[in-house]
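Me: Can you take me through one part of this model in detail? I'd like the sheet, strand by strand where you can, plus whatever packs on it or sits around its edge.

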Amino acid sequence: MFVLFTSNVHAEAAAPKLGNVTILATGGTIAGTGASSTTTIGYTAATVGVERLIQAVPELAKVANVTGEQVFQIASENMSNEHWLTLAKRVNTLLAQNNVDGIVITHGTDTLEETAYFLDLVVKSKKPVVLVGAMRPSTALSADGPLNLYNAVLLAASPDAVGKGVLVAMNDQIHAARDVSKTNTSTPDSFKTTELGMLGYIQGNKPYFYHVSSRKHTIDTEFDISNLQSLPQVDIVYGYANMGPAALNAFIAGGAKGIVHAGVGDGSLAQKVVPSLSAARKQGTVIVRASRVGQGIVARNGEANDDELDFVAADTLNPQKARILLMLALTKTSSSKEIQRMFYTY
């Protein structure tokens with residue numbers, strides 16, 4: 001009896017200490033419901049609150065001490081600059097507390113990659129921040145949200161995730177916020193880092209990292225949103241055959257401080273829009289050449305003379321992420337040379 005008692009004490013002493021993870025819920029499909037268990041499209045997003053999300057996955061208690069906050073309850077297509085600022089400030093406040101070891105943010109998948117990259121540039125902590133969503137609503141037979149949420153909490157509580165930047169946990173995979181994109185309208189394997197590669201896997205209740213991002217992030221960025229109440233207006237103009245300047249001119253007239261031109265191929269510019277782009281730059285609007293292709297480097301002075309036009313090349317950032325970096329850059333400077341440096345740094 002004495003031996004058995006001692007063994008139990010040793011077992012309890014050897015049990016690993018659980019980390020403290022706060023789940024910040026913003027809505028999305030992971031909190032959505034459908035008309036039936038076979039409804040995987042045409043469902044209603046953002047109907048389930050954070051407490052019900054946590055209760056639906058009791059296994060969370062085995063990997064972390066979990067608390068939850070309902071920050072927003074929206075479909076992610078409605079995510080705004082103001083939402084981002086509110087969320088980022090809350091994340092920074094929580095991560096500054098000694099009793100918070102990591103953050104999980106539940107989010108709709110439509111703009112999840114954008115929120116993740118924004119946070120990657122403005123979070124001021126090495127502690128893990130993990131975004132997670134679902135491609136199918138919580139009521140579906142094949143709901144992917146519960147396991148995705150479990151993996152995200154496990155990742156946020158892991159010392160292995162410290163200092164890795166803002167992460168995305170979907171479909172048993174770990175992705176860097178800068179490089180991941182939603183690539184399919186509806187399938188559970190939608191989130192991919194197609195060319196640059198995901199960071200690792202989550203398997204057997206453990207994250208496995210095989211790569212890390214080489215670009216600066218979180219505490220190593222120059223961006224501070226603590227006193228910002230708004231962000232500069234930056235809009236995206238989409239390139240296509242027979243493109244004209246009407247949309248661009250409307251954005252400029254509407255007060256855009258920056259324009260991301262999502263050009264064809266290597267960020268090519270149609271002759272019809274070059275005069276308007278050039279005029280906008282001369283009037284102070286910063287122009288970034290990106291590509292609608294989705295992969296590859298937009299080469300500076302490749303398909304346009306960026307030096308002569310005083311434009312910025314987006315490097316490997318897709319248009320929606322180039323917009324985010326440009327917004328933050330414009331809070332610091334309007335110099336195209338300085339902003340180009342930022343695009344090669346982050």
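**A close look at the sheet**

Reply: Let's start from one residue pair: V168 has H175 as its bridge partner in β6. That pair belongs to a match between β5 (residues 167-170) and β6 (residues 173-176), which run antiparallel and share four bridges. Keep in mind that this is a predicted model.

Now zoom out. β5 and β6 sit within an open sheet of eight strands, ordered β2-β1-β3-β4-β5-β6-β9-β10, and the pairing is mixed. The edges are β2 (64-74) at one end and β10 (206-209) at the other, each pairing on one side only. Going from one strand to the next, the twist averages 25°. As for what holds such neighbours side by side, strands of a sheet pair through backbone hydrogen bonds, in either the parallel or the antiparallel sense.

Two helices lie across these strands. Helix α4 (residues 112-122) crosses β3 (102-106), β4 (129-132) and β5, and runs at about 170° to β4. Helix α5 (residues 145-156) has a longer list of strands: β1 (19-27), β2, β3, β4, β5, β6, β9 (200-203) and β10. Its direction is about 160° to that of β3.

Last, some tyrosines. Y201, Y208 and Y210 make up a nonpolar patch on the surface, and together they have about 350 Å² of accessible area. Y210 lies in the loop that links β10 to β11 (234-238). Is Y210 buried or exposed? Its relative accessibility is 55%, so Y210 counts as exposed, given that the cut-off for that label is over 50%.

Definitions and conventions
Residues are numbered from 1 along each chain as its sequence is written. This is a predicted model: local features need pLDDT of at least 70, side-chain atom pairs count only at pLDDT 80 or more; totals for chains, interfaces and linings use all residues. Side-chain values use heavy atoms; hydrogens and water are left out. Two strands pair if DSSP finds at least two bridges between them. Axes are lines fitted to C-alpha atoms, for helices over the stretch in contact, and angles run from 0 to 180 degrees between N-to-C directions. Contact means heavy atoms within 4.5 Å. Patches are made of residues with over 30% relative accessible area and no salt bridge: like charges are joined within 9 Å, nonpolar side chains (Val, Leu, Ile, Met, Phe, Trp, Tyr) within 5 Å. Accessible areas come from the Shrake-Rupley method with a 1.4 Å probe; for residues, only the protein chains shown count as cover. A salt bridge is a side-chain nitrogen of Lys or Arg within 4 Å of a carboxyl oxygen of Asp or Glu. Buried means under 20% relative accessible area, exposed over 50%, partly exposed in between (1.4 Å probe, protein chains only).
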